[in-house]
Amino acid sequence: MKKILLFVAFVLGFGVSVFAWDDSLNTAKNAPYLSEVEKQVIFELNKARSNPARFAKEYLEPMVGQFNGKMIKKGNMNMMTNEGVAAVNDAINALKAQKAVSPLQPSKGLSKAAQDFAKEQSQTGAMGHNGKDGSTMKSRIESNGKWQKTIGENINYGSANANQIVVDLIIDDGVPTRGHRKNIYNDNYKVVGIGVNTHPKYKNVCVMDFAGGFSN
């Protein structure tokens, strides 16, 4: 997505489920090239893809009552959003209508591309999809291997928690096209790479690189 939001980190509420999510969705749990939070981001993506309505009920619906106008309460802090509760309700309705899509498998090459870019932005404090040397999503991915069918990229700024990262991008507050959400639910994507790092201005950055397939 070309438009990266400063407020994507406003997420806050967590639902509580009686039933654990299927561990088979944790496809990256044994990937040695991923940090624990990077593994968890893939798990959260797969939870959202495998059962959109349940994901909405557990993680989005509890947020609705936390708004006061366009302000949402996060712990002891109030944070401003662009659309207020409307964006959350839009996401809830979309996920209730969304069909399940196949879980994503982790990719070492895509993760290298994502991790390198997250590291660069950690050092430069930049935002967006273009690198300091003019790199693009496509050039970074292709420098690490060969992709099949299609590619895409999401970037989240501000959130450190894996669930919050995915919830932020699904809500996609302020993005009329909801392009980050569309990437998450694109069933043409079969593999994903994740890079999480610190960010000097927004504390955290998470880069997600998707593809229909990838070979190193």
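A residue counts as buried when its relative accessible area is under 20%. Keep that cut-off in mind as we walk through this predicted model, starting from a single tryptophan. Tryptophan 21 has a relative accessibility of 12%, so it counts as buried.

Where does tryptophan 21 lie? You will find it in the segment before helix 1, the helix that spans 36-50. Leaving out neighbours within four places in sequence, tryptophan 21 is in contact with Phe43, Lys47, Ser50, Asn51, Arg54, Phe55, Glu58 and Tyr59. Two of these partners also meet its side chain through polar contacts: the side chain of glutamate 58 at 3.3 Å, and the side chain of tyrosine 59 at 3.4 Å. For a sense of scale, the C-alpha atoms of tryptophan 21 and valine 88 are 22 Å apart, with their positions 67 residues apart in sequence.

From here, let's turn to the nonpolar interior. In soluble globular proteins, nonpolar side chains tend to be buried together. The largest nonpolar core here has 39 residues, and the members that touch the most others are Val41, Leu45, Phe55, Leu60, Val166, Ile170 and Met208. Two or more residues come from each of helix 1, helix 2 (52-60), helix 3 (85-97), helix 6 (162-171), strand 6 (191-199) and strand 7 (203-215). Helix 6 is the top contributor, giving seven residues. There is also a second, separate core of eight residues, with Ala114, Ile155, Tyr157 and Val205 among them.

Valine 166 is a good place to zoom in. Setting aside residues up to four places away in sequence, valine 166 touches Val41, Glu44, Leu45, Ala48, Phe55, Ile184 and Met208.

Now for the sheet. In which order do its four strands sit? The order is 4-6-7-5, in an open sheet with mixed pairing. Strand 4 (105-106) and strand 5 (146-157) are the edge strands, each pairing on one side only. Strands 6 and 7 run antiparallel and are joined by nine bridges. As one example of bridge partners, glycine 195 is matched with valine 207 in strand 7.

Finally, look at how helices lie on these strands. Helix 4 (residues 108-124) lies across strand 4, strand 5, strand 6 and strand 7, and runs at about 20 degrees to strand 6. Helix 6, which we met in the core, lies across strand 5 and strand 7, running at about 100 degrees to strand 5.

Conventions: Residues numbered from 1 in each chain as written. Predicted model: local features only at pLDDT ≥ 70, side-chain atom pairs only at ≥ 80, totals over all residues. Heavy atoms only, no water. Buried < 20%, exposed > 50% of the residue type's maximum accessible area, 1.4 Å probe, protein only. Contact = heavy atoms within 4.5 Å. Polar contact = N/O pair within 3.5 Å; in protein donor to acceptor, adjacent residues only side chain to side chain. Core = buried A, V, L, I, M, F, W, Y, C linked by side-chain atoms within 4.5 Å. Pairing = 2+ DSSP bridges. Axes fitted to C-alpha atoms, helices over the stretch in contact; angles between N-to-C directions.
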